[in-house]
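Here are a few friendly notes to read alongside the model. Please keep the structure open as you go through the points.

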Amino acid sequence: MNDSLTLRQPKPTTAKPTTARPAAAARQRPLRQHLSRDEIILRGAMLIGALALLIALVMPLYSLLSKSVQNKDGAFVGLTNFARYANSPSLYNSLSHSLTMALVCTLIVTSLAFMAAYALSRSCMPLKRSFRVILALPILAPSLLPAISLVYLFGNQGVLKSWLLGDSIYGPIGIVIASCFWVLPHAMMIMLTALSHTDARLYESARVLGSSPWRIFFTVTLPSAKYGIISTAFVVFTLVITDFGVPKVIGGQYDMLATDIYKQVIGQQNFEMGAAVSVILLFPAVLAFVVDRWLQRKQAALITARSVPLQPQPRRWTDRTLLLGMLLLSITIVGVIGMAIYASLVKYWPYNLSLGFSNYQFDLMDGGGWGAYWNSLRMALYTALFGTGFIFFQAYLQEKLRGFGWLKHLFQMMALLPLAVPGMVLGLAYIFFFNHPANPLNGLYGTLAILVICTIAHFYTVCHLTAVTALKQIDPEFEAVSASLKVPQYLTFWRVTLPVCLPAVLDIAAYLFVNAMTTVSAVVFLYSYKTMLASVSVLNMDDAGDIAPAAAMAVLIMLTCMAARLLHWLLSKGLLQRSQRWRSPA
Amino acid sequence: MTPTLPTDAHPGSAPYLTLRHIDQFFGQFQALKDISLSISEGEFICFLGPSGCGKTTLLRIIAGLDCQSSGELHQAGRDISLLPVSERDFGIVFQSYALFPNLSVADNIAYGLHNRGATAQQRQQRVAELLATIGLSGSEHKYPAQLSGGQQQRIALARALATSPGLLLLDEPLSALDARVRAHLRNEIKSLQAKLGVTTIMVTHDQEEALTMADRIVVMNAGVIEQVGTPQEIYSQPASAFVADFVGQMNFVSGEVLDQHTLKIGGRTLHCHKCRDFSPHAQVRFGIRPEDVRLRGHQDEANRVRGTVTQMEFLGSFMRSRLQVDGLDAPLLADISMNELRDLNIRPGQQLDVTLPAERLHLFSH
Ligand SMILES: Nc1ncnc2c1ncn2[C@@H]1O[C@H](COP(=O)(O)OP(=O)(O)OP(=O)(O)O)[C@@H](O)[C@H]1O
Ligand SMILES: [Mg+2]
């Protein structure tokens, strides 16, 4: 090592450029560089990853599509299933119900989310932090929780039944309220991003030109948030039309497409029909997906690097009105959650209102008992662990591996696909694919593993995009530098890339954990009596009339998710403190 | 560490790095056209050219970060045309430095030493040695974000040199720094390179950087090499109008060669040594650098012209003046030193006799 700084004198500059070719040769076949051992290993890993996505996503969906054009015996019947379903009066009903509910919720949630996001990002009201936390709470509970809570509030024995003036909560009213409740945080997050990206310079010029506040709102605020608004509307529409937990619990006789699938498959064991309805359900989801992708591109072009963040100015009446609105919204949310907690503690509604934990003795009821809870916890932990590892590493390969363009392209498409596939459709697709006797993987059926795989696949896209965004922010030359220093690329991944991206990795893990705890739609087709999950047992206990234990289980799920979020927050904070020395300039 | 004398310097020995007929295509677009070049061991080479001419593309091919569409590369007698990055022998410094933000300065510099069987103590010693070389002793435990741009730049250089590579590649290493730091680092990099004797290729679009640092400059334009030569050669004998214009300043006028010694521009004839290289009646571009326009002390009667000063621009040690010369359409730029200005008492509007020395005139084919 010591002789390396040996002095060498430059040689006299004797060399001249070699003579040029007489005529530039015609283009030959392009050369290909040899691959290093490193690259061969990583390419292998990427191939395996792509294969995994193919098996966990594309092939099941293919099975579903082909099943929808087959009869019970597996013979090709063209569009017969669709025709049969189209001719049944139930389709018209379900379709119009689903569309109505989705449209109404879209209208309500988009307006509320805009109001809330505007209040949080553009006003000077107090308590912003608390509002932000409260409005995000519903995401930590299964969508069944608000539905159950509504039963206690407005059901036949509900405390506020009189507010409905004789209408029943079982049906469209209940569906709309409960759906709005659980969809709101999703909508608000998109809207907050859209509003926080506005350029302060636009407002300054508007004010300098003497525009009135209303004029500024309609000519600057709304237009600059328009992509966010459209994107929110599409997301809400898809979430509502593909959700099945809420209509199942509080929909009564009000059939919707998602409940139709459940009935066809679980109730009548009519898988082919279920597949046909699933394909119909795919349409709005795919449409929303396409529109969203298109908008993302437009929005990215809208924000320039030189945008100046906006500092809100106090406005007395606007701030007060918004505060009032936020208070009402927060009280509603806290009220709905509080009611569920209260109901879970009440001994025997409405006759014995003394409190206790008798409803938490799940082992005394049908529906999986505490075992279901532990299953859920294990499932969520595995999902967070393996899901984060797989998704982040694959995203890393996608972003930082040299060459292999065609595979990256394919992988990116597969990674975006889950966003366009409703959970129920994915679950059903898994039945068709993994339960097929000819599938060598059918041993997975009925295990916890298939639930973990399905959940990772179901929530893949958001995690993938989070990882890609984080990876894009680090210097693209790290890999080149480490290769020039002859350090294997996976070592640089471990020593540099992963530590730098750790906040994003934690975000992904927390997101996967919470969603694995609360999800119902895909796993409801895949659990077995050994792998009963907490969220599914909420559904089953509710179905069996054990509403109080269902509420208790839903509350338990929510508390677990809160604990996970808290842990995530503490970890991120600790991490940021530890890495502050190198993250921010002195 | 004992300095050894250059015992292996045989002029005419095999070059250290040879590029042969390198082409690079991006789709239909050809970014490099038939690039051939030889570099001797220990040389400091600058790739100089305007933005988009293909400098970075060529550097990345030498590093193996991109693969050329066709052509061969040999380094130290080894065919490296198709070798992956990790099997080539070079250190590289990027414009962004690409320092690992979560590793301390010491860990950054020692990054390439870990998997070479060096003990912790050897690594530490090597880091200390390199930090001393770049004048940043004692910053072992700092993080890159705590250092200034110039310091980060030197750390990146130390990291690239830590494994004693045979070739050092620098892609615009100074362009992100302010002018003062840049001038300082220019000297420092140059003397470090001379001390270590490591063959170095630096990409730059700054002619001053290239002229002050390089042993030889490779001037590139639109994917081809326009000229290779020492800074003096490039400046005083530019091989093309492009080089003459890109490196330094030059006045250009269209003209016609009359015979071996004379040239016709506008309405008049001039003596010019370069006419030998052209056949009579060739249409040429005639060029002269502003500082070669003489105001006094030159006895070449034949090349004396009369002009009027129309404009003067103060540039510190000299005055760049626009002269309207009889018989020429375009104005001629001439640099007048402050001494001449004072002695000859030159003012705008004044008429002057200036000489265009025959040995300083350049001719380029159209
Ligand atoms: N990966 C690529 N795909 C397509 N075109 C490319 C690619 N890389 C470079 N080019 C094109 O090749 C040409 C040469 O690019 P290169 O980066 O080598 O220029 P440069 O001389 O380094 O310029 P600069 O001084 O701006 O860095 C440019 O026209 C560029 O647009
Ligand atoms: Mg460049």
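**Notes on rings and charges**

1. In chain A, the charged end of R320(A) is placed over the ring of W317(A), 5.1 Å from the ring's centre. A charge sits over a ring if NZ of Lys or CZ of Arg is within 6 Å of the ring centre and within 35 degrees of the ring normal. Chain B offers R159(B), which lies over the face of F100(B) at 4.8 Å from the ring centre.

2. A word on the basis: this is a predicted model, where local features need pLDDT of at least 70, side-chain atom pairs count only at pLDDT 80 or more, and totals for chains, interfaces and linings use all residues. Residues are numbered from 1 along each chain as its sequence is written, chains are lettered from A and ligands numbered from 1 in written order, and side-chain values use heavy atoms, without hydrogens and water.

3. Over all chains, a search finds 29 aromatic pairs (rings of Phe, Tyr and Trp, the last by its six-membered ring, with centres within 6.5 Å; planes under 30 degrees apart are stacked, over 60 edge-to-face, the rest tilted). W370(A) and Y373(A) have ring centres 5.7 Å apart and planes at 80°, so they are edge-to-face.

4. How exposed is Y373(A)? At 8% relative accessibility, Y373(A) counts as buried (under 20% relative accessible area; exposed is over 50%, partly exposed in between; 1.4 Å probe, protein chains only). Y373(A) also pairs edge-to-face with W374(A), at 5.2 Å centre to centre and 65° between the planes. W374(A) is partly exposed at 49%.

5. Ring pairs join F357(A), Y360(A), F362(A), W370(A), Y373(A) and W374(A) into a cluster.
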